[in-house]
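Here is a set of short exercises to work through with the model open beside you. Try each task before you read its solution.

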Amino acid sequence: MKVSSIALTGVVSVFTVNQLMVLLHAFSLQSQGYILPSGTIKKSQMKMNQFHRTYMSVSPMEETESSSSSSNNRMKMSREHMQRTNQENKMSSSNKDNTSAINNSISEAEIHRTGRSRHEIENELASGRILEDGPVIDFGSIKDTSSKAERALAQAREDYLAAVHSKGKHAVKLGFAGDGNSRLMGINDEVVVEVGREVGAFVKDETMVQSCAAYLRSRATKGMFQEIPDAPMVSQEEMKSMDVSALERLLQEAYEESGIVTEAFAKTFYLGTQLLPTPAQRAIWAIYVWCRRTDEIVDAPRKPEDVDMLTDLSAWEIRLENLFRYGMVEDVLDLPLLDCKIKYPNLPIEPFVDMVRGMLMDIPDLGQDRYETFEELHLYCYRVAGTVGLMSMPVFGCATGYTEEEAKEPALSLGVAFQLTNILRDVGEDAVKRGRVYLPREDMENFGVTEEQIFAQRLDDNYIAMMKFQIERARMYYDRALRGVPMLSPESRLPVQSSLDCYGKILDKIEENGYDSLTKRAYVSKWEKLATIPFSWYRTLDISKVFPLPGDR
């Protein structure tokens, strides 16, 4: 059986603050290279078992029931409900007519707003590579260059480069207008509000940013970057005359700024990074901020005075290419990503480019805000979330005996699990605020759920049954992702495990809310996240496979 968040909270509540601190201290010792005595672990497990027997209200039958059996039963019940719904729809022509009338009440523009043709979608889906003969598909570096979206982006790129050629790069306006001051690309009013101030305002001299980039390039492995075209070479004498301490301080400030942005927008993700060694922690912040800025370029509302979104996105992709090819930067928040590339030479550009393709899928009239099948949604999940796992793998590193290729499927599974969780949590919000419905239409039809119902935020038995089915699907991807934790380097296992555990609790919260993700938002408190860490730590230990926590298998 799966331990609900209420039950887990019951277990946590019996720990005193001192006991939690002991567990956290034990983690700290292990992360620093100390070996914990086996007796200590055994005693801790005996105490955990005692807490389980004393405080967990679980029947003997529930204790012996396997998680996989429980999951299969729930999936079976969901499918039975789906079959009953289909039979009822076939038997009741009046219901069919009513559904047709409801659907007709929604404008064609609202129902069919995808800018991607069936041919374009099928071309990309057919190019995916199935991993391990399982439910995970690798869509790496796949794009239909003949598609409407790709052609529009290519045209924006051509227009931007022509403008740069005729006017000069600094004369071409990009980004959000802000309060009259020039803002960094991908930084808008929403970001400023979340952070509490302008981002990157600590930079007083832009030439220092370029000097810092030159300093970082000088530390790169020979051949990592090509020479920057038409750029004056920095001599060894000039490099020696640089104030290296000042450049290091600037880089440190840029990393700290990235951490602030990460914490403002992704609190669970940020909590996981706190468990990483400092170099890896900062590298993950750099990657996240690039992803955040990419998302803001596409999703943030634009004012009349703002630059066209496709122009920004095409310029952003060019910046990415220049950073990976030449080590070039445009602003201070590019410095951490450049440093990350230098420290982790295996960091590939492909998942970054693939994420831009994911952003294209969210653009009205060019992308896709309706998904016919789960396979279509899987492609979207890969591009906007699975790619983050691929970006992070070189930073996390692999354990001895494993390769990044072997860890790829679990990494992509985790990305899909996280994105499905986001989608299930935000069904009502996405529909009302953004006009988007990510739930596969095929699933909605099978369970008798309509778009009109979602926009009206009307909860019923059909919606609840569909949500149960979707949650079990998401948990299947979490299970596949779990296999990858032991494949990671030891210092990276706890951050990934804790992020997995904390994010997975959102699904528990949806269940606690009666499966109402139309009018309620599933939320995991900071205390609940912190209380999860000792259990996540225990799950990373080999002994947890012999003596698993209650509810684990």
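**Exercise 1. Classify R434 and its partner E429 by accessibility, then follow their salt bridge outwards.**

Step 1. R434 has a relative accessible area of 35%, so R434 is partly exposed. The classes are these: buried is under 20% relative accessible area, exposed is over 50%, and partly exposed is in between, with a 1.4 Å probe and protein chains only.

Step 2. E429 comes out at 25% relative accessibility and therefore also counts as partly exposed.

Step 3. Between R434 and E429 there is a salt bridge, at 3.2 Å from N to O. The rule asks for a side-chain nitrogen of Lys or Arg within 4 Å of a carboxyl oxygen of Asp or Glu.

Step 4. Now widen the view: R434 and E429 belong to a network of salt bridges that also links R425, D426, D430 and R521. Within it, D426 and R425 meet at 2.8 Å, N to O, and both of these residues are buried.

Before going on, keep in mind that this is a predicted model, in which local features need pLDDT of at least 70, side-chain atom pairs count only at pLDDT 80 or more, and totals for chains, interfaces and linings use all residues. Residues are numbered from 1 along each chain as its sequence is written, and side-chain values use heavy atoms, leaving out hydrogens and water.

**Exercise 2. Count the salt bridges, then place the one between E409 and R480.**

Step 1. The salt-bridge count is 45.

Step 2. The side chains of E409 and R480 form one of them, at 2.7 Å from N to O.

Step 3. E409 belongs to helix α20 (residues 404-425) and R480 to helix α24, so this salt bridge ties together parts that are 71 residues apart in sequence. Helices here are DSSP runs (H or I, at least four residues), as are strands (E, at least two), and both are numbered from the N terminus.

Step 4. Check accessibility: E409 and R480 are both buried.

**Exercise 3. Which side chain of opposite charge is nearest to R493?**

Step 1. Find R493 in helix α25 (residues 490-512).

Step 2. The nearest side chain of opposite charge is D542, 5.4 Å away, and R493 is buried without a salt bridge. For charge, Lys and Arg count as positive and Asp and Glu as negative, while His and the chain ends are not counted.

Step 3. List the surroundings: leaving aside neighbours within four places in sequence, R493 is in contact (heavy atoms within 4.5 Å) with A399, V485, P486, L488 and T540.

**Exercise 4. Describe two of the aromatic pairs and say what they connect.**

Step 1. The structure holds 13 aromatic pairs. Rings of Phe, Tyr and Trp (its six-membered ring) pair if their centres lie within 6.5 Å; planes under 30 degrees apart are stacked, over 60 edge-to-face, and the rest tilted.

Step 2. F324 and F352 are a tilted pair, 5.4 Å centre to centre with 55° between the planes. F324 is in helix α16 (residues 309-326) and F352 in helix α18 (residues 350-360), 28 residues apart. Both are buried, and together with W290 and W316 they form one aromatic cluster.

Step 3. For F374 and Y477, the ring centres are 6.2 Å apart and the planes stand at 35°, so this pair is tilted. F374 is in helix α19 (residues 374-396) and Y477 in helix α24 (residues 461-482), so the pair ties together parts 103 residues apart in sequence. F374 and Y477 are both buried.

Step 4. Look at F374 once more: the charged end of R473 sits over its ring, 4.0 Å from the centre. The test is NZ of Lys or CZ of Arg within 6 Å of the ring centre and within 35 degrees of the ring normal.

**Exercise 5. Where does the pLDDT stay under 50?**

Step 1. Start with the average pLDDT, which is 81, with 77% of the residues scoring at least 70. This score is the predictor's confidence in each residue, from 0 to 100.

Step 2. Residues 1-77 stay under 50, and the model has 78 contacts for them beyond four places in sequence. Residues 87-113 are also below 50, with 22 contacts beyond near neighbours in sequence.
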